[in-house]
Amino acid sequence: MAAGLDSLEGCLERHLPPAELAEAKRILYGEAVRKLDLPSAALSAATEREFDLQGYGFGAEPEQLRPPHIVRVGLIQNKIQLPTDAPVAEQITALHKRIEEIVEVAAMCGVNVICFQEVWTMPFAFCTRERLPWTEFAESAESGPTARFCQELARKHNMVVVSPILERDTAHGETLWNTAVVISNTGAVLGKTRKNHIPRIGDFNESTYYMEGDMGHPVFQTQFGKIAVNICYGRHHPLNWLMYSLNGAEIIFNPSATIGKLSESMWPIEARNAAIANHCFTCAVNRVGTLLVGGEDLHACFLLSRIGRRHQEVYPNPFTSGDGGEAHRDFGHFYGSSYVAAPDGSRTPGLSRTQDGLLVTEMDLNLCRQVGDKWNFKMTGRYKMYAEELAAVVRPDFVPNIVKE
């Protein structure tokens, strides 16, 4: 049933009476968020273009000295659009087209900042350890075809675009990086950030392609607020979230590509916990689809992917995990379920586990300071104490502070 359940929320709504449903959602999601009244044209377009469209809003208390700071954020999750054996340029073009038609709906909904999923311009081929053709999807962060495409979207819709790609750094020996490019609503490339933590678990063989990022924890001042991008595996590292927050981020995006068996029970917790701990909004984005290898039936698998099962990313060789197990054909299901969490611990329901989707979320950034004033996690954080102890921990002569009888 890995890919069979469309959403946890739908399952609860089908099986719980209204009063129990409300209480279950309160426990699971915190205080109820309001549903946005999205334009009928947007809802119709989403139905026509076959993607899940949901909209929710977080408020804040009115203040005397600060007006509300309202921002609308959009998260896009999607499947690949062509079989993995299609020409690279055609695969990229098809994904550009799919994202463009979803961004058009985001614009109808008044979105100010849009974020795509991790390495959105390609299949998630890093499980294979193979180079060609997958490294051909890499491009310049500042001047590649995807940067130019996103610049056009930004200018057309007056929208900040967060575009995670596989970057080819020609200035430094053609090095590959897992990178998120931030395009201003003016169309200028505001900057980029790189994935700080690289998984070495299960079939995720990403260190075969790129290493940990070298840009630290930059925060981007946009017209709509201060944003940061914590790419995928970085969500498992609390200090990663913390540093973006200490640098001033009000919204931290977490573009991801993660599968059910490995992480689905952790997914609803980590970004939400980070929002609480760091007095900011967090936006978790995950792709959808299933990864398979063809084995003896490779031709049949590619044929199926061409005639409608486009959600399947099919590869020619078996996956290996380095865990002593046998090579296997099923990598797993990317379960979508993108959501937004607020600093007060509330969160939106997730998008579909199986369909492309757009989550529109309105937020009042004044809530960040209001929650910080209430809980004081940063004031009580004792950062100097931890900095000193961590500095000792990383020394070669470190001795753990263990008290013995």
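**Exercise 1. In this predicted model, find the backbone oxygen that the side chain of arginine 72 reaches, and describe the surroundings of arginine 72.**

*Solution.*
Step 1: Select the side chain of arginine 72 and look for a backbone oxygen; the one you want belongs to cysteine 109, at 2.7 Å.
Step 2: Place the residue in the fold. Arginine 72 sits in strand 3, which covers residues 70-77.
Step 3: List the contacts, leaving out residues up to four places away in sequence. Arginine 72 touches Leu36 and Leu38, then the run Cys109, Gly110, Val111, Asn112 and Val113, and finally Val360, Thr361 and Glu362.

**Exercise 2. Glutamate 362 turned up among those contacts. Identify the partner of glutamate 362 in a salt bridge, and decide how each of the two side chains stands with respect to solvent.**

*Solution.*
Step 1: The partner is arginine 34, with an N to O distance of 2.3 Å.
Step 2: This pair links distant parts of the chain: glutamate 362 belongs to strand 16 (residues 357-364) and arginine 34 to strand 1 (residues 34-35), 328 residues apart.
Step 3: Apply the 20% cut-off for burial. Glutamate 362 has a relative accessibility of 14%, so it counts as buried. Arginine 34, at 39%, is partly exposed.
Step 4: For context, the structure holds 25 salt bridges.

**Exercise 3. Trace the salt-bridge network that contains lysine 192 and arginine 194.**

*Solution.*
Step 1: Begin with lysine 192, whose side chain meets that of glutamate 142 in a salt bridge of 2.9 Å, N to O. The two are 50 residues apart: lysine 192 is in strand 7 (residues 189-194), while glutamate 142 is in the loop between strand 4 and helix 5.
Step 2: Check their accessibility. Lysine 192 is buried at 16%, and glutamate 142 is partly exposed at 39%.
Step 3: Move on to arginine 194, which pairs with aspartate 214 at 2.8 Å, N to O. Arginine 194 is in strand 7 and aspartate 214 in the loop between strand 7 and strand 8 (220-222), so this bridge ties together parts 20 residues apart in sequence.
Step 4: Here the two ends are a buried arginine 194, at 5%, and an exposed aspartate 214, at 52%.
Step 5: Join the bridges through shared partners. The resulting network is made of Glu142, Glu167, Asp169, Lys192, Arg194 and Asp214.

**Exercise 4. Find the residues with the most contacts inside the largest nonpolar core, and follow one of them outward.**

*Solution.*
Step 1: The largest core contains 32 residues, and the most contacts inside it belong to Val73, Leu75, Val113, Ile227, Ile251, Phe253 and Phe281.
Step 2: Take valine 73. With residues up to four places away in sequence set aside, valine 73 touches Val111, Val113, Ile251, Phe253, Cys283, Leu359, Val360, Thr361 and Met363.
Step 3: Keep a second core separate from this one: it has 31 residues, including Leu36, Ile99, Cys109 and Trp120.

**Exercise 5. Turn to the surface: which residues form the nonpolar patch, and which helix gives the largest share?**

*Solution.*
Step 1: The patch consists of Leu239, Tyr386, Leu390, Val393, Val394 and Phe398, with about 580 Å² of accessible area together.
Step 2: Helix 11 (residues 383-393) supplies the largest share, three residues.
Step 3: Leucine 239 comes from helix 6 (residues 238-246). Its relative accessible area is 51%, so by the 50% cut-off leucine 239 is exposed.
Step 4: Helix 11 also holds lysine 384, which is exposed at 63%. As a distance check, the C-alpha atoms of lysine 384 and leucine 95 lie 46 Å apart, with the two positions 289 residues apart in sequence numbering.

**Exercise 6. Scan the backbone: where is the cis peptide bond, and which residues other than glycine have phi near 60°?**

*Solution.*
Step 1: The cis bond joins leucine 132 to proline 133, with omega about 5°. Proline 133 is in the loop between strand 4 (113-115) and helix 5 (145-157).
Step 2: Glutamate 50 has a positive phi near 60°. Glutamate 50 is in the loop between helix 3 (40-48) and strand 2 (52-57), and is exposed at 59%.
Step 3: Asparagine 376 also has phi near 60°. The loop here runs between helix 10 (366-375) and helix 11, and asparagine 376 is partly exposed at 24%.

Note on methods. Residues numbered from 1 in each chain as written. Predicted model: local features only at pLDDT ≥ 70, side-chain atom pairs only at ≥ 80, totals over all residues. Heavy atoms only, no water. Helix = DSSP H or I, 4+ residues; strand = E, 2+ residues; numbered from the N terminus. Polar contact = N/O pair within 3.5 Å; in protein donor to acceptor, adjacent residues only side chain to side chain. Contact = heavy atoms within 4.5 Å. Patch = residues over 30% accessible without salt bridge, like charges linked within 9 Å, V, L, I, M, F, W, Y side chains within 5 Å. Areas by Shrake-Rupley, 256 points an atom, 1.4 Å probe, with all protein chains shown as cover. Salt bridge = Lys/Arg side-chain N within 4 Å of Asp/Glu carboxyl O. Buried < 20%, exposed > 50% of the residue type's maximum accessible area, 1.4 Å probe, protein only. Core = buried A, V, L, I, M, F, W, Y, C linked by side-chain atoms within 4.5 Å.
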